[in-house]
Amino acid sequence: MKYLFMPFVIYLCATVFYTSFLWQKTVNEKTENWLVNFVVEETIVVLSLYFLGLEMLQIKDDGLNYFKTIWNWIDIIPPCIQISIAIFQMNGYYLDFNDKTDEGHENRRELAIMLSIASLCLWFKFLYFLRIFDGTGFLIRAILAVIVDMKYFLLILLIAMMAFGDSFKVMSMANVEGKEFI
């Protein structure tokens, strides 16, 4: 509880606060409180290094078998993404978020993708942490069992979603500004 769960809850809260409030203000409104931004970003980096260190210890013990479990991937992806973003920003990348420039638009898109992947992994890890409590442990195990049993249905659903997504993408490419195809 003290060395894993509580630091993780702080990490999740700091990440959600950063992505929901601070990053959105930086990108959209161009106003930011630099002190709050600095404290939250540094908290995220320090906790990312902490959890990455724990994962490195596990990799040292397990070797390449570490990468065979999906939960290990979910554990290692968010700290790697957060540290990468911090390194890029320290080196002058991802500073322009002006949507009217190509670089700013590309920066918005890339950071949004990276932060959304990290956020999704953190929320999955939070759900996985809920197994340790009596009240939620049974529910989490039941959900995992249902997902495993539904693997073929989820595959068919994924293929159907890709088919519709591809057809809508093709139709949207025919749209011309000011005139709708459909």
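Is isoleucine 143 buried, partly exposed or exposed, and what is its relative accessible area? In this predicted model, isoleucine 143 has a relative accessible area of 47% and is partly exposed. The residue lies in helix α5.

**Nonpolar patch**

Isoleucine 143 belongs to a nonpolar surface patch of about 560 Å². The other members are Ile147, Phe153, Leu154, Leu157 and Met161. Two elements, α5 (134-149) and α6 (151-173), each give two or more residues to this patch. Helix α6 supplies the largest share, four residues.

**Salt bridge**

The structure holds one salt bridge. Its partners are lysine 125 and aspartate 75, whose side chains meet with an N to O distance of 3.6 Å. Because lysine 125 is in helix α4 and aspartate 75 is in helix α3, the pair ties together parts that are 50 residues apart in sequence.

Are the two partners buried or exposed? Lysine 125 counts as buried at 10% relative accessibility, and aspartate 75 counts as buried at 14%. Both assignments follow because buried means under 20% relative accessible area. Isoleucine 143, at 47%, is partly exposed, a class that lies between under 20% and over 50%.

The table lists the residues for which accessibility is discussed here.

| Residue | Helix | Relative accessible area | Class |
|---|---|---|---|
| Lysine 125 | α4 (residues 102-129) | 10% | buried |
| Aspartate 75 | α3 (residues 70-90) | 14% | buried |
| Isoleucine 143 | α5 | 47% | partly exposed |

Methods. Residues are numbered from 1 along each chain as its sequence is written. This is a predicted model: local features need pLDDT of at least 70, side-chain atom pairs count only at pLDDT 80 or more; totals for chains, interfaces and linings use all residues. Side-chain values use heavy atoms; hydrogens and water are left out. A salt bridge is a side-chain nitrogen of Lys or Arg within 4 Å of a carboxyl oxygen of Asp or Glu. Buried means under 20% relative accessible area, exposed over 50%, partly exposed in between (1.4 Å probe, protein chains only). Patches are made of residues with over 30% relative accessible area and no salt bridge: like charges are joined within 9 Å, nonpolar side chains (Val, Leu, Ile, Met, Phe, Trp, Tyr) within 5 Å. Accessible areas come from the Shrake-Rupley method with a 1.4 Å probe; for residues, only the protein chains shown count as cover.
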